[in-house]
Amino acid sequence: MRIVRDTKTSRFSNNDRNVTRSPHKQRGGNTLRSPSVIELSSSDFSPQSKQRASQQHMPKPPDVAILADSMTKGLNPTRMSRNTGKVVVCRTHRGARIEQMEKWAKSDLREAQPHTVILHVGTNNLHEDISTIMEKFETLGNNMSDHFTHVCFSSLVIRTGASIRINKVNQHLATLCTRKGRSFLDNKDIKPQHLYDGIHLNVKGTALLAAHLNHFIRQDFQQVTLNNRPQWSNVQDRLLQLSRQR
């Protein structure tokens, strides 16, 4: 394909004098001429070339997706990606309840297919019976496992005035994960001093949660590399192993 550039001179008025603009530019005493003809290959406009160009600007699909309530609002997925070597995305839905997370998963991950989905939710269901909460956790886990290879539940973070109830929920959730063969991320290291309002994480609390998640992600994909798929048959042994490595 040949694209011809118009090189005709143009005239304009400047202080009642006619000045001729030349297509040649004077610079340092040398005359520079812009090429009047640009040669373009027909392959530059081929479908394959356009596809390669579009792929170069497409973001990489996520390896890990974190779906959570407001507890994760301070996480930095870009930094987590650098620290783990995996593409991490985090979708925070303030006020989200357990029964809403599947809807958010379909909305947030409609086109992406991450290998691992980490669910951090449940704080906004604490007013319900523990049996009801656990039924919702089980339903959510079953539905998510139908779409994603590896589903992990992150334990509820302690909060002022609800420590005993949260501990009970986390114990039941760990048991459920063991029974279903899912991963359980224990955040018991997060204490009341890691909260800025008795509910939400402060800077140190957010850093501690990010460290838990980063460590889990690295170990998760190390296990996938060794076994070609995650195999956490005994979650309690897994947690013990993690605590020793910290």
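Ser155 is a good place to start: with a relative accessible area of 0%, this residue is buried. Ser155 sits in the loop between β10 and α5, in what is a predicted model. The protein chain has seven helices and 11 strands, and 40% of its 246 residues count as buried. This briefing begins at Ser155, moves to a partner residue, and then follows the strands and a helix around them.

**Ser155 and its surroundings**

- Setting aside neighbours within four places in sequence, Ser155 is in contact with His120, Asn170, Phe184, Leu185, Asp186 and Asn187.
- One of these partners, Asn187, has its backbone nitrogen 2.8 Å from a polar atom of the Ser155 side chain.

**Asn187, a partner from another loop**

- You will find Asn187 in the loop between β11 and α6 (203–227).
- Asn187 has 2% relative accessibility, and buried means under 20%, so Asn187 counts as buried.
- The side chain of Asn187 also makes a polar contact of 2.8 Å with the side chain of Ser154.
- Beyond its neighbours within four places in sequence, Asn187 is in contact with His120, Ser154, Ser155, Leu209 and His212.
- Leu209 is 22 residues from Asn187 in sequence, yet the two are 7.1 Å apart in space, C-alpha to C-alpha.
- Across the protein chain, residues 24 or more positions apart account for 69% of the contacts with a separation of 6 or more.

**Strand β10, an enclosed strand**

- Strand β10 covers residues 150–154, and five of the five are buried, so the strand is largely enclosed by the rest of the structure.
- Both faces of β10 are covered: on one side His150, Cys152 and Ser154 are buried, and on the other Val151 and Phe153 are buried too.

**The strands paired with β10**

- Strand β9 (residues 116–120) runs parallel to β10, and four bridges join the two.
- Within this pairing, Ile118 of β9 stands opposite Cys152 in β10.
- Together with helix α4 (residues 130–145), β9 and β10 make a right-handed β-α-β unit.
- Strand β11 (residues 183–185) is also parallel to β10, and three bridges join them.
- Here Cys152 comes up again, standing opposite Ser183 in β11.
- From β10 the chain crosses through helix α5 (residues 163–180) to β11, in a β-α-β crossover that is right-handed.

**Helix α5, one side in and one side out**

- With 18 residues, α5 reaches 26 Å from its first C-alpha to its last, close to the 26 Å expected at 1.5 Å a residue.
- Its buried residues are Ile166, Val169, Asn170, Leu173, Ala174, Leu176 and Cys177.
- Seen down the axis of α5, these buried residues fall within an arc of 160°, so they line one face of the helix.
- An α-helix has 3.6 residues a turn, so residues three or four places apart point the same way.
- Asn170, from the buried set of α5, is also among the contacts of Ser155.
- The face of α5 turned away from the buried side carries Ile164, Gln171, Thr175 and Arg179, which are exposed.
- Just after α5 comes Gly181, which takes a positive phi of about 75°.

**Putting it together**

- Ser155 follows β10 in the loop before α5, while Asn187 belongs to the loop between β11 and α6.
- The two loops meet where the backbone nitrogen of Asn187 lies 2.8 Å from a polar atom of the Ser155 side chain.

Key: Residues are numbered from 1 along each chain as its sequence is written. This is a predicted model: local features need pLDDT of at least 70, side-chain atom pairs count only at pLDDT 80 or more; totals for chains, interfaces and linings use all residues. Side-chain values use heavy atoms; hydrogens and water are left out. Buried means under 20% relative accessible area, exposed over 50%, partly exposed in between (1.4 Å probe, protein chains only). Two strands pair if DSSP finds at least two bridges between them. A crossover is right-handed if, with the strands pointing away from the viewer, the path from the first strand over the helix to the second runs clockwise. The expected span of a helix is 1.5 Å times one less than its number of residues. The arc is that of the directions from the helix axis to the C-beta atoms. Contact means heavy atoms within 4.5 Å. A polar contact is a pair of N or O atoms within 3.5 Å; within protein, one must be able to donate a hydrogen and the other to accept it, and residues adjacent in sequence count only if both atoms are side-chain atoms.
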